[in-house]
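Reader: I'd like to learn how to read the empty spaces and packed parts of a protein model. Please take me through them one feature at a time.

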Amino acid sequence: MPSSLPRPITELHVRRLTPGDLVACADLSEDRGWPRDEHRWGLLLAAGTGYGVDDPDGKGLMAGCVVTSYGTGLAAIGMVLVAERYARQGIARQLMHHVIAESGDIPLSLYATAAGQPLYEQLGFSVVGRSQRVAGSFRPTDGRPPAVSVRPATAEDLRAMVLLDADVFGADRTHVLARLPAYADHIRVAEDGGRLIGYAAVWPSDRAHAIGPLVARDTATAEALVASLAEATDLPLRADIDARHTELLDWFEEHGLRPGSTTAVMTHGAADVPGDWTRRYAPLTVAMG
């Protein structure tokens with residue numbers, strides 16, 4: 001049964017989360033029927049700022065979310081969750097009011113589920129795009145050599161990856177990408193004449209491997225990176241792809257990955273997400289709300 005709030009909603013105390021809240025965050029995910037994904041929570045809490053409301057009954061968190069900042073140009077909000085027993089009582093709205101106030105003039109972005117989109121629109125967010133999820137067991141290609149050269153990434157590639165990423169995403173994400181080697185199970189880079197033209201990674205999530213980031217010069221490069229990652233794992237694959245990349249989405253379907261849910265890409269305080277969408281195929285991790 002739903003639990004009643006012990007005090008007026010405006011008096012709820014929103015605190016900063018720490019890595020010590022990892023299990024409580026995973027419990028909150030599980031409570032809402034999401035994978036626990038402690039691996040993903042660990043990255044988000046390390047690279048971003050978590051906000052939470054403690055359950056007054058001592059049962060972990062009543063609500064939580066994470067904000068990952070990229071300088072003064074953008075911050076991404078994700079994992080906006082309210083425990084089922086406190087759902088539909090205005091807690092998510094109060095939490096988001098706090099996050100927006102804390103962010104000041106910094107533009108915000110998020111990926112919204114259909115259930116969350118109306119709330120974000122009421123808070124001043126606008127839809128600027130769509131993301132399409134695909135998932136399934138990858139069927140290998142016909143054996144032809146890839147269109148571009150792809151190899152496993154090394155520590156020496158990190159600087160070039162950061163520079164390419166900043167150009168494509170329009171923000172400095174060094175503090176996130178520096179954690180990628182420890183977070184991802186496999187990372188691949190694509191080159192042309194010794195110049196980095198793309199990179200991609202897979203990381204574990206709910207008995208599957210999630211693809212992200214996926215940054216590439218063109219669709220052929222994106223396909224080569226994904227095919228190389230697929231060869232490295234026996235697990236099903238999952239990816240959240242910018243819906244404008246229809247050619248890549250068709251290619252995924254041809255290789256066994258089926259379309260699933262779509263999410264709205266939304267911004268607050270900015271007309272669009274910065275960067276070059278034509279080379280931005282998938283983010284590091286879609287932390288939806």
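Author: Let's start with one residue: Q117 counts as buried because its relative accessibility is 16%. Buried means under 20% relative accessible area, exposed means over 50%, and partly exposed lies in between (1.4 Å probe, protein chains only). Before we go on, this is a predicted model, in which local features need pLDDT of at least 70 and side-chain atom pairs count only at pLDDT 80 or more, while totals for chains, interfaces and linings use all residues. Residues are numbered from 1 along each chain as its sequence is written, and side-chain values use heavy atoms, with hydrogens and water left out.

Reader: Where is Q117 found, and what is Q117 in contact with, leaving aside its neighbours within four places in sequence?

Author: Look in helix α4 for Q117. Helices (H or I, at least four residues) and strands (E, at least two) are DSSP runs, numbered from the N terminus. If we skip neighbours within four places in sequence, Q117 touches A112, V127, R130, A264 and M266, where contact means heavy atoms within 4.5 Å.

Reader: Now the empty spaces. What is the volume of the largest pocket?

Author: The general idea first: rolling a probe the size of a water molecule over the atoms shows where empty space is left. On a 1 Å grid over the protein atoms alone, a cavity is a set of points where a 1.4 Å probe fits but cannot get out; a pocket is an open set with protein on both sides within 12 Å along at least five of seven lines, and lining residues have an atom within 4 Å of a point. Points are joined across faces, edges and corners, and a volume is the space filled by probe spheres set on them. Here, the largest pocket comes to about 560 Å³. It is lined by 21 residues, and R32, V82, A92, A115 and G116 are the closest to its centre. Two or more lining residues come from each of β4 (74–82), α3 (91–103) and α4 (117–122). Helix α4 has the largest share, four residues.

Reader: How do the residues of that lining divide into nonpolar, polar and charged?

Author: The largest pocket has 12 nonpolar, six polar and three charged residues in its lining. Ala, Val, Leu, Ile, Met, Phe, Trp, Tyr, Cys and Pro count as nonpolar, Asp, Glu, Lys and Arg as charged, and the others, Gly among them, as polar.

Reader: And what about the second largest pocket?

Author: That one has a volume of about 380 Å³. Its lining has 15 residues, with T141, R144, P145, P146 and A147 closest to the centre. Helix α8 (residues 219–231) gives the most, six residues.

Reader: How many cavities of 30 Å³ or more does a search of the whole structure find?

Author: Two. The largest cavity has a volume of about 600 Å³. Its lining is made of 37 residues, and A76, S109, Y111, F169 and P283 lie nearest its centre. By class, that lining has 23 nonpolar, seven polar and seven charged residues.

Reader: What residues have the most contacts inside the largest nonpolar core?

Author: In soluble globular proteins, nonpolar side chains tend to be buried together. A nonpolar core is a set of buried Ala, Val, Leu, Ile, Met, Phe, Trp, Tyr and Cys residues joined through side-chain atoms within 4.5 Å. The largest core here has 41 residues, and W41, I77, M96, L110, Y120 and F125 have the most contacts inside it. Take M96: beyond four places in sequence, M96 is in contact with I77, V80, L110, Y120, L123 and F125. A second, separate core has 27 residues, including A190, A224, L249 and A282.

Reader: How many disulfides does the structure hold?

Author: A disulfide is a covalent bond between the sulfur atoms of two cysteines. The test is a pair of cysteine sulfur atoms within 2.5 Å, and this structure holds zero. The closest cysteine sulfur to that of C25 is in C65, 9.7 Å away, so it is too far for a bond. C25 is buried at 1% relative accessibility, and C65 is buried at 0%.

Reader: Last one: what should I look for in the backbone?

Author: Most residues other than glycine have a negative phi, and most peptide bonds are trans. Here, the peptide bond from G212 to P213 is cis, with omega near 0°, and P213 sits in strand β10 (residues 208–216). D37 has a positive phi, near 45°; it lies in the loop between α1 (22–31) and α2 and is buried, at 9% relative accessibility. R207 also has a positive phi, near 60°. R207 is in the loop between β9 (195–205) and β10, and is exposed, with a relative accessible area of 71%.
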